[in-house]
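Trainee: Got a minute to go through this one with me? I'd like to start in the middle and work outwards.

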Amino acid sequence: MTGATEGMVGGGYYDSNSSFQADVAASGDALLKHAVDALALPADGKVTVADYGCSEGRNSMRSLNTALSLLAARGVSSASVLHNDLPTNDWNVLSKNLTGSDSYLRHFPGAYALFAPRAFFGQVTSPSTITLGTSGSAAHWLSCQPPDLDMPTSLDRSDAPPAEREKILKQAADDWLAFLTARAEELQPGGVLLVQMLGADGRVDPVRVSSAGLLKLMNECALQLIDDGEVPREIYARYCFPVVPRTVEEASVPVLGPLADRLELLHCGLVPIPSPYETALEKTGDVATFAKDYTAFTRAFSESSLREGVFQYGKSGADVLADRFYELMRAALEARPNDYPFDDLTLSVMVRRR
């Protein structure tokens, strides 16, 4: 099984093209306050805040500043902040962000930054050391491609044949359980974890799944590369785009089941976050800018996975195919700007270590 992604596009590209993820983080302020109010401060006063899936850090810097302010209001004067992401993350850009004017290190002299370059599907730090954990727009990623896929006409689980959809959903369930099991080890007793990720509403028919319109467009562009003879269909058949939005029920299962003796569910719910790209289009009517920005947003989080699973096997090479794929996207969005909406439901999950 191949890995799902090597991370977001580096060099500051992700930071510059992730306005949606920044909006998701900002939407969690009230839940973050709830989380800090609900946690038990450790008796020894050693407080550590963990940011799981930090990427280049711009989007989480605001949330970390808020968390440290809330902790300070509870009497915390010194805290370590653990930044976690894949070893292939752009840690250099994160380091630069930590020296910038928006960094919590500028505002909280008693704060210290730590790095944990490991996949968050296992433990990334010592047991019982995390007071507050946060994760924004990251936990919907799969750890790897599900085995033995046969999806020659779709990269999206929503359009996959039933048997293939079950493989993808099983991988997603296993990964979510692994993620929460690792956090149950790392959280201190009374510590709280807040996760924000893409969600799905299984109560409506058809099921409303975040980013379905975007995945439809990505699939059309990939199939165009296949029709042009650039990518073998058998390669595409074993690839799914490894992001799986979860329902409230799917997110709750590990906490109410196998981890019920270790974790307490404090919150699990969906809230829509508007697409900043479509909002700008409605205000300005500038279709060209909309197509450019929506494409850059997509490239920032998707290119690594598509390179690993599809582009590297293409006739023209990964660099050429990546450029061609995203140009196909941009052209389609400019020609049909209303056909591929980014309809989001953000799923927020808050748990406390018993």
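**Helix H3 and the sheet**

Mentor: Helix H4 (58–73), strand S4 (130–136), strand S5 (187–198), strand S8 (263–271) and strand S9 (346–353) are among the elements that cover the buried residues of H3. Bear in mind that this is a predicted model.

Trainee: Which residues of H3 are buried?

Mentor: In H3, residues 29–38, the buried ones are Leu31, Leu32, Ala35, Val36 and Ala38. Viewed down the axis of H3, they fall within an arc of 165°, so they line one face of the helix.

Trainee: Why would residues three or four places apart point the same way?

Mentor: An α-helix has 3.6 residues a turn, so that spacing brings them round to the same direction.

Trainee: OK, the sheet. What's the strand order?

Mentor: S3-S2-S1-S4-S5-S9-S8, an open sheet of seven strands with mixed pairing. S3 (111–117) and S8 are at the edges with a single partner strand each, so each has one side without a neighbour in the sheet. On average, neighbouring strands are turned by 15° against each other, ignoring direction.

Trainee: How many bridges join S2 to S3, and do they run parallel or antiparallel?

Mentor: Seven, and the two strands run parallel. Serine 80 has tyrosine 112 in S3 as its bridge partner.

Trainee: And which strands does H4 lie across?

Mentor: S1 (47–52), S2, S3 and S4, and H4 runs at about 160° to S1.

Trainee: Back to S5. Is that strand mostly covered or mostly open?

Mentor: Mostly covered, with 11 of its 12 residues buried. S5 pairs with S4 in the parallel sense over six bridges, and glutamine 196 in S5 stands opposite glycine 136. Between S4 and S5 the chain passes through helix H7 (residues 162–186), and that β-α-β crossover is right-handed.

Trainee: What about S5 and S9, parallel or antiparallel?

Mentor: Antiparallel, joined by seven bridges. Valine 349 in S9 stands opposite valine 195.

Trainee: Now the whole chain. How many helices and strands?

Mentor: The chain has 13 helices and nine strands. Its radius of gyration is 20 Å, close to the 20 Å from the globule rule for 354 residues, so the chain is as compact as a globular protein of that length. The C-alpha trace spans about 65 × 45 × 35 Å along its principal axes.

Trainee: What share of the residues is buried?

Mentor: 55% of the 354 residues count as buried. As for contacts with a separation of 6 or more, 82% are between residues 24 or more positions apart.

Key: Residues are numbered from 1 along each chain as its sequence is written. This is a predicted model: local features need pLDDT of at least 70, side-chain atom pairs count only at pLDDT 80 or more; totals for chains, interfaces and linings use all residues. Side-chain values use heavy atoms; hydrogens and water are left out. Buried means under 20% relative accessible area, exposed over 50%, partly exposed in between (1.4 Å probe, protein chains only). Helices (H or I, at least four residues) and strands (E, at least two) are DSSP runs, numbered from the N terminus. The arc is that of the directions from the helix axis to the C-beta atoms. Contact means heavy atoms within 4.5 Å. Two strands pair if DSSP finds at least two bridges between them. Axes are lines fitted to C-alpha atoms, for helices over the stretch in contact, and angles run from 0 to 180 degrees between N-to-C directions. A crossover is right-handed if, with the strands pointing away from the viewer, the path from the first strand over the helix to the second runs clockwise. The radius of gyration is taken over C-alpha atoms; the globule rule is 2.2 Å times the number of residues to the power 0.38.
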